[in-house]
Every structure is written in C-alpha cells, then in structure tokens.
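Open the model in your viewer and keep the sequence beside it. This tour tells you what to select at each stop and what is there.

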Amino acid sequence: MGIFGRRQTAVSEPAPALAGATSRGVALDPALQALTGRWTIDRPHSHIGFSVRHAMVTTVRGAFTDYDSTLYFDGAQPSESRADLVIRVASVDTGVQQRDAHIIGADFFDARQYPEMTFHSTSTVHEGGETFRMTGDLTIRGVTRPVDLHIDYLGSVLDPFGFERAGFDGTTTIDRTEWGLVYNQRLKAGGTMVSEKVRLQFDISAIRLTS
C-alpha cells in the first residue's frame, strides 16, 4: 500500500543533504528521495490475495482481481506516505466458481449490499532496514477497524518500457468475525469449516504516475 525502503533506485541519484531519520530515530537511505511521488498498482503484475484454513486440515487461497489504488510516497519523511485501496469484492477468485459465489453472497461479503472493501492508511513507520509498518482503516461490510500491515520493500527499477517500478510485499492477519463475516459450520470432531483467522497478502508492483 505504500512504496517503502532503503534500496537505491535505478533511475536517479538523490542529494545526500536529504538523508534523515524517522521519528523512531532509524536512519534512512538518502536514495529514498528518488522515490518521492505518486504511484499506482500495476494489476497485471501484482497479487492481492488471502488464505484461510478450511476444515482444519487444508488452506484455501484466493485473490481479488478488480481494484483501484492511490499511493503517495515521501522519500524524506516516510511517515507522510499514504495509500488508499478500493477492492470490488465480486472480483474474488478462488478457482472454484461455486465457492466464489458463496463468498460474495450474504453469508460472507454480501456484495450486493456492500460491493467494495476499502483500506485507507492513517500512519506509516519505518521499523528498520527495508521493513515498514503501515496502519490504516479496513472497511468490510460497512464495518471499519484498524489493521497493521507489515511491509518489506523489494527495490525499484526502470523497466524496458520506460516505466519506473517499485515492489513490496505486505502481510497482515485479521479475525474476519470482527468485520461481521461470522458464517461457519461446526465439525463433528471439533473445530470449524472455515477459520476465523484470514491472512491477507499484497505482492505489489507499483508504477510511478507522471501526470
């Protein structure tokens, strides 16, 4: 949801005078200055997914394929970075059409009444090295609760088509019942069909916006 890190961009050299530190006193690589600006997620080369335990013995994975993003990175002060993400929940894809229809139905996302899931960042902290924590408000089914994303910056390059790209991996784990996704079935041997814990995964290739 933001483009964070210390690796030097392949596009330009920053001015050393802009090197600084975060509010936690962690030194920042001055090369971050070159990443300052607006970015958007390149959907064909990114993956916004989730995984959840099924029947206590296996893991079901899926992804959302339709979403919009607005990202801003401040290379001198990462705490000023921000991100907004709007995901259309009807785009869920787990590889099984019947399961997807159940997920977007009233038992889970209720896509007719709540067609979008959103994330709006509220703070960003550099935790050291190439690791950051972004806190934000996640809204599902009209319920908004804070979440923390663990983010690892992967680097930036100028690709063969002239696009400046930056990559990162982001993860968090939520309890879906806190957002009103409470449907479940009990197993005779104990436990539930669908875990309440859901892991969200963001494998992002972001492109710098030039206008």
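Start by selecting D110, in the loop between α1 and β7. (Helices, H or I of at least four residues, and strands, E of at least two, are DSSP runs numbered from the N terminus.) D110 has a positive phi of about 50°, although it is not a glycine. Most residues other than glycine have a negative phi. D110 counts as buried, because its relative accessibility is 16%. Buried means under 20% relative accessible area, exposed over 50%, and partly exposed in between, with a 1.4 Å probe and protein chains only.

Before moving on, note that this is a predicted model: local features need pLDDT of at least 70, side-chain atom pairs count only at pLDDT 80 or more, and totals for chains, interfaces and linings use all residues. Residues are numbered from 1 along each chain as its sequence is written, and side-chain values use heavy atoms, with hydrogens and water left out.

**The whole chain**

Zoom out and switch to cartoon view. The protein has one helix and eleven strands. Along the sequence the pattern is β-β-β-β-β-β-α-β-β-β-β-β. Of the 211 residues, 45% are buried. Take contacts (heavy atoms within 4.5 Å) between residues at least 6 apart in sequence: 59% of them join residues at least 24 apart.

**Strand β1 and its partners**

Select residues 37-41, which form strand β1. β1 pairs with strand β4 (residues 67-73) in the antiparallel sense, over three bridges. Two strands count as paired if DSSP finds at least two bridges between them. Look for G37, whose bridge partner in β4 is F73. Now add β11, which also pairs with β1 in the antiparallel sense over three bridges. Here T40 has I207 as its bridge partner.

**Strands β5, β7 and β8**

Select residues 82-88 for β5 and 116-128 for β7. They pair in the antiparallel sense over five bridges. V86 has T118 as its bridge partner in β7. Next add β8, residues 131-140. β7 and β8 are antiparallel too, with nine bridges. S123 stands opposite T135 in β8. The hairpin of β7 and β8 has two residues between the strands, and G129 takes a positive phi near 60° there.

Follow the chain on to R141, in the loop between β8 and β9. R141 has a positive phi of about 55° and is not a glycine.

**R88**

Go back to β5 and pick R88. Is R88 buried or partly exposed? R88 is partly exposed, because its relative accessible area is 22%. Show its neighbours: R88 touches F64, D66, Y67, D68, P115 and E116, not counting residues up to four places away in sequence. Y67 is 21 residues from R88 along the chain, yet their C-alpha atoms are separated by 5.9 Å.

**The nonpolar core**

A nonpolar core is a set of buried Ala, Val, Leu, Ile, Met, Phe, Trp, Tyr and Cys residues joined through side-chain atoms within 4.5 Å. The largest one here has 41 residues. Select F64, L85, F109, M117, L138, I140 and I174, which touch the most other members. Strand β11 (residues 194-208) supplies the largest share of this core, six residues.

Centre the view on M117. Leaving out residues up to four places away in sequence, M117 touches F64, L85, V86, I87, V89, F109, L138, T139 and I140.

**The largest cavity**

Stay with M117 and add I87, L138, L200 and F202. The largest cavity has a volume of about 130 Å³. Those five are the closest to its centre among 14 lining residues: I87, M117, L138, L200 and F202. β7 gives the largest share of the lining, three residues. The lining divides into eleven nonpolar, three polar and no charged residues. On a 1 Å grid over the protein atoms alone, a cavity is a set of points where a 1.4 Å probe fits but cannot get out, and a pocket is an open set with protein on both sides within 12 Å along at least five of seven lines; lining residues have an atom within 4 Å of a point. Points are joined across faces, edges and corners, and a volume is the space filled by probe spheres set on them. Ala, Val, Leu, Ile, Met, Phe, Trp, Tyr, Cys and Pro count as nonpolar, Asp, Glu, Lys and Arg as charged, and the others, Gly among them, as polar.

**The largest pocket**

For the last stop, turn to the largest pocket, with about 480 Å³ of space. Select F50, V52, I103, F108 and V194, the closest to its centre of the 23 lining residues. β2 supplies the largest share of the lining, four residues. The lining holds 16 nonpolar, four polar and three charged residues.
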